[in-house]
Amino acid sequence: MLLAARRGAAVSGIDTTPELLDIVRERVPGASLARADLEDPLPFDAGAFDVVTAFNSVQYAADPVAALKNMRHVTRPGGLISVVVWGPPAQCESGVLFTELGPLMPPAPPDAQGAIAWSEDGQLEQLAAAAGLTPLAVKDVPNPLIYPDLATAVRTQLSSGLARAAIQHSGLPAVRGALTRAFAGSRKPDGSYRQENVFRYLVARA
């Protein structure tokens with residue numbers, strides 16, 4: 001959102017975590033923000049936006065198709081929708097985060113896809129088509145997680161939506177321990193921590 005605002009875009013956004021919205025308000029004072037969930041009707045007018053994006057969020061929805069339909073509703077006809085998800089598990093070293101945090105999460109819906117669930121060839125295109133969108137492109141991009149030390153790595157990940165849900169369900173000490181274990185194998189000779197990942201993104205037309 002900050003990058004878009006710096007390029008001159010009028011930006012709006014939603015999140016389910018009030019603390020994260022507070023951070024956005026500090027960094028992007030002109031943004032129009034609301035506490036909302038992608039799976040619920042979005043608090044914006046139909047066709048209000050030229051571009052709608054969802055970064056690392058749709059895969060956590062119990063009904064990803066409903067989430068994309070809500071995004072389509074607030075996108076003008078012919079506008080663009082972009083969705084970013086984790087790439088193939090074999091190319092995502094940060095999958096260990098989900099392995100460690102999984103037991104600390106509240107029970108998932110029986111048909112939940114999981115955090116790394118939309119990286120098989122054709123999946124994002126099928127998802128977009130099911131939501132009434134026209135897929136234009138699906139590509140992979142590198143997205144390493146790099147931290148100067150373990151404390152920074154753990155503190156940063158404690159702010160993620162996944163960690164916040166785990167904290168509410170299992171408590172901060174348990175989540176802090178899980179993240180510490182998740183980064184144990186990622187230490188580099190200079191003391192920094194790095195996990196190599198690939199993210200996959202879809203661009204579709206409403």
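In which sense, right-handed or left-handed, does α6 pass α8? Some notes on that and on the rest of the fold, bearing in mind that this is a predicted model.

1. **The α6/α8 pair.** To take the opening question straight away: the crossing of α6 past α8 is right-handed. Helix α6 covers residues 150–158 and helix α8 covers residues 172–182. Their axes come within 10 Å and cross at roughly 125°. Angles from 65 to 115 degrees would count as roughly perpendicular and those over 145 as roughly antiparallel, so α6 and α8 end up oblique to each other.

2. **Who touches whom there.** On the α6 side, look at Leu150, Val154, Gln157 and Leu158. They meet Leu172, Val175, Arg176, Leu179 and Thr180 of α8. Sorted by class, the residues of this α6–α8 contact come out as six nonpolar, two polar and one charged.

3. **The sheet.** Now to the strands. Four of them build an open sheet, ordered β3-β4-β8-β5, with mixed pairing. β3 and β5 (134–142) are the edge strands, each pairing on one side only. From one strand to the next, the twist averages 15°.

4. **β3 next to β4.** Strand β3 (residues 49–55) pairs with strand β4 (residues 75–86) in the parallel sense, over six bridges. If you want to find the register on screen, try Val52, whose bridge partner in β4 is Ile81. Another handle is Phe55, which has Val84 as its bridge partner in β4.

5. **The connection through α3.** Helix α3 (residues 64–73) joins β3 and β4 in a β-α-β unit, and that unit is right-handed. The helix lies across both β3 and β4, running at about 145° to β4.

6. **α5 on the sheet.** Helix α5 (residues 123–130) lies across β4, β5 and β8 (198–205). Relative to β8, α5 runs at about 30°.

7. **The α3/α5 pair.** The axes of α3 and α5 come within 8 Å, crossing at roughly 60°. That makes α3 oblique to α5, and α3 passes α5 in a right-handed crossing. From α3, the residues involved are Pro64, Val65, Leu68 and Lys69, which meet Leu127, Ala128 and Ala130 of α5. By class, this α3–α5 contact has six nonpolar residues, no polar ones and one charged.

Note on methods
Residues numbered from 1 in each chain as written. Predicted model: local features only at pLDDT ≥ 70, side-chain atom pairs only at ≥ 80, totals over all residues. Heavy atoms only, no water. Pairing = 2+ DSSP bridges. Helix = DSSP H or I, 4+ residues; strand = E, 2+ residues; numbered from the N terminus. Right-handed = clockwise from strand over helix to strand, strands pointing away. Axes fitted to C-alpha atoms, helices over the stretch in contact; angles between N-to-C directions. Contact = heavy atoms within 4.5 Å. Parallel < 35°, antiparallel > 145°, perpendicular 65-115°, else oblique. Left-handed = near helix turned anticlockwise from the far one by under 90°. Nonpolar A, V, L, I, M, F, W, Y, C, P; charged D, E, K, R; others polar.
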